[in-house]
Each structure stands twice: as structure tokens, then as C-alpha cells.
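Reader: I would like to go through this model with you, one topic at a time. Could we begin with a single residue?

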Amino acid sequence: MKHFDYIFSGGGCAALSLLVRMCEDPFFADKRILLIDRSLKQENDRTWCFWEKAAGRFEPIVHHKWQKLSIAGDHYNETHTLSPFEYKMIRGIDFYHYCHGIIFANSNISILHEEIISTGNDDVVPFVKTASGKFTARYVFNSVMLNGNEIRNKLSKKDHYLLQHFKGRLIETDHDVFDPSTGTLMDFRISQDAGTSFVYTLPVSPRKALVEYTLFTGDLLKQEQYDAALDDYIASHLKLSDYRTEATEFGIIPMTSYKFPAREGSIINIGTAGGQTKPSSGYTFTFIQKHAALVIELLKAGQFPVREETFTDRKFRWYDRTLLNVLANKKLQGAFVFTELFRKNRISDVFGFLDNETSISRDLKVISVLPKWVFAKASL
């Protein structure tokens, strides 16, 4: 058995974000750290998009950013200037290489590429088991998620569980057709029969763009259904017939009112496993960065690295539960809800609201544009 100060169970975005911060802070220079992950992270397996006001910690690897975003629905189509925000994209492969370059340069960090068999607590000592044995630590930072069935089995009667699932293509043309300064965040002008559905288009050059078909529903589609929707959108809305698909991506993000436990003894859950995915939107990257900064702050202060839930946390969790109630029970179409939010508010106010950073007065201003009676009943 080997003992460490910190063990990271899983090596995804949350673990690497926290590890990079530890590498950059002298406080952690003498701490023994173990990262366990079965994956070598050598594939471009995902893309993170987020809005940000200034240059963030991962600005050096931002693949592209947009100053304008359009929102479109059956009766609404407008392009919004984002200032003071920019919408940014980071590719998975760039993120992994960048973080590994920093982490692997630190001799106090050990890397183990193995399947995690189990995690748990022996009295107050957390552990992780792999084929190589049992490893203990002061704290284990876990980013390994429960699967969908496990989450569903834990839901109360008032909880909701939707999936944000998406399939995207990075397409390239032989002539200039895109405006790289302007992306489409949500285009709802597609069939809503399956549930809340939209396409976003993010041009990274005049000839290349990521086109992604996204749904908020209870069940997944067949792969050919995603492909058919993408084929139709690219042909009918982008007016393209001659293009190449450079890469594809597919992802599933839980959108649920289930309250993921922040800890299990001295096992600290991080990332989606720790509730850092926004239930009503699926955005995760920004919340992971905020949480990583908080964990560093608490560890340096000699405190347990989990903060008690604040009033603000509870407030936004209530908002998220309310919207999930509306969407899951189809009290309103998601296309209507989201287009109303952007049509009748400044986009900077909506971004602040979705980042859980607005005051009650600003919250009320943002959500007052929605049908009050429907949301009042859902909130209760």
C-alpha cells in the first residue's frame, strides 16, 4: 500500500484543471500526488465551449473565439454582440497536451494508467484500488461518474433526469462561406418532435465550422437519426452540398435535479460527479474552473476542501430544478423558453444568470420575460 497527500481518481477536465493549479502554486510543491486514469488522453475526444470576459487561465490554448452569436427560432433571428464577453472554444487534445506538459514536469506527481476498480474510505482514510494495488491519501479527488441507471435509481419523485446529447461534424468547404467572428449558439428552426432540439454552428475559419445537433430529452436517438438531422440542416440552412467532414464528435451530458454528493468521507467529488455541470444548460467548463480555485483556496487555508452550500447555491439550484420541471413535463417548449430569454434580455445578463453570478434583482429581471404562471407552478 502506498500513501499520498492527494490522489486523483480519473484524469478528465476537472482533475487536470485542479492539478495544473497545484503545479503552479508553491504550497503544493512538496505534496505527493498520484493521478490514476485508464486513458492516455491522446485523442481529440471532445470540445469545450464557454463565455468569458477576459483572458482566462487556459487562454493560450483557446482554439477560436467569437465576438457575436446568433439565436434563431421560428419567429426570431438575431445576432448579438457579446461585449464584454467572448465565446471561446478549447479542443480536448489541446487541453490534454497543455495540462500534461505542466503536470509531467513536476517530480512530486506520479501517473498511473490503469482501470480504477473501486474507491472508498477505511475509517477516515480514503483509498483507490487498481490492478497494481491499494493506494491511500489524505484526500481523493474523484471525477468518475455514476452511470445513468445508477443516477435514476437515486432520484426522488420530484427529481428530473434529462440528457443533453449531441453529435457534431467539423466540416470544410473549398470556398469561403463562414464568418469566423460570428457563431450560431442556438438555432431552433428544426423539428422539436423529440423534445428541445437545436443546432449550433461555430466557424473557426472562412471555410471550416463545427456544426452540432443537440437535444435535451430523456432518451438517446439512433446514430442515423443524428446524421439525418445534420444532413438536413447543412443542406437546408447552411445551403451546403459540397463539403468534407474532417472529424465527428458525440457526447452525452446529464441534466438532472439530482444533487450530486460533494463528498463521501474524504473522497471529494469534482467535475460532473461533484455537481459542476449546470443542470439547466449542460455547461461545465467554467464551473470546473471556479470549483478548482475554491479547492486550492481551502487547502491552502488548512480547511476541508468542501464548502458548505450557500444561499446563492441553493437559489440557482432551485432555478435549475424549475426549468427542468418545465422541460421534462413539456409545460412549455424549450425552443420558446430559450429564445424568449435571449430575445427580451441583454445577452450579457443571460450569460451572468447562467453563470450563477447575478443578484436576486437581476435574476427577476431575466426570468420575468417567461410565462409567470407556468414557472410559478413549476417552482412550487
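Author: D363 is buried, with a relative accessible area of 0% (buried means under 20% relative accessible area, exposed over 50%, partly exposed in between, with a 1.4 Å probe and protein chains only). This is a predicted model, in which local features need pLDDT of at least 70 and side-chain atom pairs count only at pLDDT 80 or more, while totals for chains, interfaces and linings use all residues. Residues are numbered from 1 along each chain as its sequence is written, and side-chain values use heavy atoms, with hydrogens and water left out.

Reader: Where is the place of D363?

Author: D363 belongs to helix α9, residues 360-367. Helices (H or I, at least four residues) and strands (E, at least two) are DSSP runs, numbered from the N terminus.

Reader: And with which residues is D363 in contact, leaving aside its neighbours within four places in sequence?

Author: They are K315, F316, Y319, F353 and T358. Contact means heavy atoms within 4.5 Å.

Reader: Let us turn to empty space. How much space lies in the second largest pocket?

Author: About 1,100 Å³. The search runs on a 1 Å grid over the protein atoms alone: a cavity is a set of points where a 1.4 Å probe fits but cannot get out, and a pocket is an open set with protein on both sides within 12 Å along at least five of seven lines. Lining residues have an atom within 4 Å of a point. Grid points are joined across faces, edges and corners, and a volume is the space filled by probe spheres set on the points.

Reader: Which residues lie nearest the centre of that second largest pocket?

Author: G274, G275, Q276, R307 and D313 do, out of a lining of 39 residues. At least two lining residues come from each of β16 (244-256), β18 (267-269), α5 (285-300) and α6 (311-328). Helix α6 gives the largest share, six residues.

Reader: How do the residues of that pocket lining divide by class?

Author: The lining of the second largest pocket has 15 nonpolar, eleven polar and 13 charged residues. Here Ala, Val, Leu, Ile, Met, Phe, Trp, Tyr, Cys and Pro count as nonpolar, Asp, Glu, Lys and Arg as charged, and the others, Gly among them, as polar.

Reader: How many cavities of 30 Å³ or more does the structure hold?

Author: Four. The largest has about 70 Å³ of space, and its lining consists of W51, L185, M186, S281, Y283, F338, L341, F342, V350 and L354. Two or more of these residues come from each of β13, α7 (334-343) and α8 (347-354), with α7 giving the largest share, three residues. By class, nine are nonpolar, one is polar and none is charged.

Reader: What lines the second largest cavity?

Author: That cavity, with a volume of about 50 Å³, is lined by A14, L18, I270, G271, Q276, I288, H291 and A292. Helices α1 (13-23) and α5 each give two or more residues, and α5 has the largest share with three. The lining has five nonpolar, three polar and no charged residues. Q276 thus appears in this lining and also among the residues nearest the centre of the second largest pocket.

Reader: Now the sheets. In what order do the seven strands of the open sheet run?

Author: The order is β6-β5-β13-β14-β15-β12-β16, with mixed pairing. Each of β6 (76-81) and β16 stands at an edge with a single partner strand, so one side of each has no neighbour in the sheet. Neighbouring strands are turned by 15 degrees against each other on average, direction ignored. Two strands pair if DSSP finds at least two bridges between them.

Reader: How many bridges join β14 to β15?

Author: Nine join β14 (residues 196-205) to β15 (residues 208-217), and the two strands run antiparallel. T196 has F216 in β15 as its bridge partner.

Reader: Which strands does helix α4 lie across?

Author: Helix α4 (residues 223-236) lies across β12 (161-172), β13 (182-187), β14, β15 and β16, at about 50 degrees to β12. Axes are lines fitted to C-alpha atoms, for helices over the stretch in contact, and angles run from 0 to 180 degrees between N-to-C directions.

Reader: What is the order of the open sheet with three strands?

Author: That sheet has the order β3-β7-β4 with antiparallel pairing. Its edge strands are β3 (47-52) and β4 (64-66), each pairing on one side only. In the pairing of β4 with β7, W66 stands opposite Y87.
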